[in-house]
Structure formats: C-alpha cells, structure tokens
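Follow this walk with the model open beside you. We move from a loop to the core, then to the helix pairs and a few single residues.

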Amino acid sequence: MDLDDLDEPLSRVDTFRNGLDKNSFESFKALSGLDYETLADALGVSAKTLQRKEVFDTGQSEKLYQLAELYATGINYFGREGFRRWMDRPLFSLGNRSPLDLIDVSTGIDLLKAEIMRLQHGIAI
C-alpha cells in the first residue's frame, strides 16, 4: 500500500475495501506504543485474533486509518512521548475520561482530534 494513495478519498475507499495488511497494523502499533489488548478493544476483536490477522476487513481498516490520523496529529503537536502521556491522562474537557478510553468509537476519535485542534489554536475550555 502506498500511503500517498490514502490522501485521495476514492483511493481510501478502495484501500479500505481491500483491507490494510499486517505491515500497516504493525507500523501503527510501533508508532502508537499501544499493546495488542488496547488495539484489539479499539478494533472490536480479541487480542489473539489481532495477532493472527494478515488482512483487516473494511471497518477495521477504516478504524486503523482514523487512529493513525489521530496519532499523526497528536504526535505532531505533543511529540511522541507527550502524546502518549496525554492519551493516558483524564481530561476535564472529556468528562474526566482519558482519551484512550474513547478510541473504540469513531465519534470518540473525532472528539480527540477536535480537542487537539483547540489546543493547537489556543482555545481554552
């Protein structure tokens, strides 16, 4: 998979339908520092299934992409370790939930991206 293809929405549709492969998953896992259990919860599968999977289905591929976008945005703003800490810390603006608790739902990922955008633009809550 060529990551440049993912900039084009119609290419993303085809890529997600064909499924992201194990290499894409492992690259994201390494970047995020998340363990199999956390990623399995986020993708709605068991950790054992996740470790065996070679190609992800459409929904899982889409979710992996959303998570990768979130992590790219967060790491760009906070740095890798800073973003990992931010993801673990309960935030008042999220009802005292930690961001990591929201990554299993697309709306949660959108909320986190919006939160980072507010921080980038200096909008306090």
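Ser 93 has a relative accessibility of 30%, so Ser 93 counts as partly exposed. The cut-offs explain the label: under 20% is buried, over 50% is exposed, and partly exposed lies in between. Keep in mind that this is a predicted model. Where does Ser 93 lie? Find the loop between α6 (80-88) and α7 (106-120); Ser 93 is in that loop. The side chain of Ser 93 makes a polar contact with the side chain of Glu 115, at 2.7 Å. Now look at Gln 120. Ser 93 and Gln 120 are 27 residues apart in sequence. In space, their C-alpha atoms are 15 Å apart.

Stay in this loop for another residue. Asn 96 is also found between α6 and α7. Is Asn 96 buried or exposed? Its relative accessibility is 54%, so Asn 96 counts as exposed. The backbone of Asn 96 deserves a look too. Its phi is near 60°, a positive value in a residue other than glycine. Most residues other than glycine have a negative phi.

Next, go to the core. The largest nonpolar core has 26 residues. Which residues have the most contacts inside this core? They are Leu 50, Leu 70, Met 87, Ile 103 and Leu 112. Several helices feed this core. At least two residues come from each of α2 (22-32), α3 (36-43), α4 (47-52), α5 (58-78), α6 and α7.

Take Met 87 from that list. Met 87 is found in helix α6. Its relative accessibility is 1%, so Met 87 counts as buried. What does Met 87 touch, leaving aside neighbours within four places in sequence? Its contacts are Leu 70, Tyr 71, Ser 98, Pro 99, Leu 100, Ile 103 and Leu 112. Look at Pro 99 in particular. Met 87 and Pro 99 are 12 residues apart in sequence, and their C-alpha atoms are 4.8 Å apart in space.

Ile 103 comes next. Leaving aside neighbours within four places in sequence, Ile 103 contacts Leu 34, Thr 38, Ala 42, Lys 63 and Leu 67. Its other contacts of this kind are Leu 70, Met 87, Ile 109 and Leu 112.

Now turn to pairs of helices. Start with α5 and α7. They pack at an angle of about 20°, and their axes are 10 Å apart. An angle under 35 degrees counts as roughly parallel. That is why α5 and α7 are described as roughly parallel to each other. Their crossing is left-handed. Which residues make the contact? On the α5 side they are Lys 63, Gln 66, Leu 67, Glu 69, Leu 70, Thr 73, Gly 74, Tyr 77 and Phe 78. On the α7 side they are Ser 106, Ile 109, Leu 112, Lys 113, Ile 116, Leu 119 and Gln 120.

Compare this with α2 and α3. Their axes come within 11 Å and cross at roughly 120°. The two helices are therefore oblique to each other. Here the crossing is right-handed. From α2, the residues at the meeting point are Phe 25, Glu 26, Phe 28 and Lys 29. From α3, they are Tyr 36, Leu 39 and Leu 43.

Another residue of α5 is worth finding. Tyr 65 is in helix α5. Tyr 65 is buried, because its relative accessible area is 16%. Phe 25 is 40 residues from Tyr 65 in sequence. Yet their C-alpha atoms are 9.5 Å apart in space.

End with Ser 32, in helix α2. Is Ser 32 buried or exposed? Its relative accessibility is 2%, so Ser 32 counts as buried. Its side chain reaches the backbone oxygen of Lys 29 at 3.3 Å. A polar atom of the same side chain, that of Ser 32, lies 3.1 Å from the backbone nitrogen of Leu 34. Not counting residues up to four places away in sequence, Ser 32 touches Tyr 71 and Arg 84. Finally, find Ala 47. Ser 32 and Ala 47 are 15 residues apart in sequence, and their C-alpha atoms are 16 Å apart in space.

Definitions and conventions:
Residues numbered from 1 in each chain as written. Predicted model: local features only at pLDDT ≥ 70, side-chain atom pairs only at ≥ 80, totals over all residues. Heavy atoms only, no water. Helix = DSSP H or I, 4+ residues; strand = E, 2+ residues; numbered from the N terminus. Buried < 20%, exposed > 50% of the residue type's maximum accessible area, 1.4 Å probe, protein only. Polar contact = N/O pair within 3.5 Å; in protein donor to acceptor, adjacent residues only side chain to side chain. Core = buried A, V, L, I, M, F, W, Y, C linked by side-chain atoms within 4.5 Å. Contact = heavy atoms within 4.5 Å. Axes fitted to C-alpha atoms, helices over the stretch in contact; angles between N-to-C directions. Parallel < 35°, antiparallel > 145°, perpendicular 65-115°, else oblique. Left-handed = near helix turned anticlockwise from the far one by under 90°.
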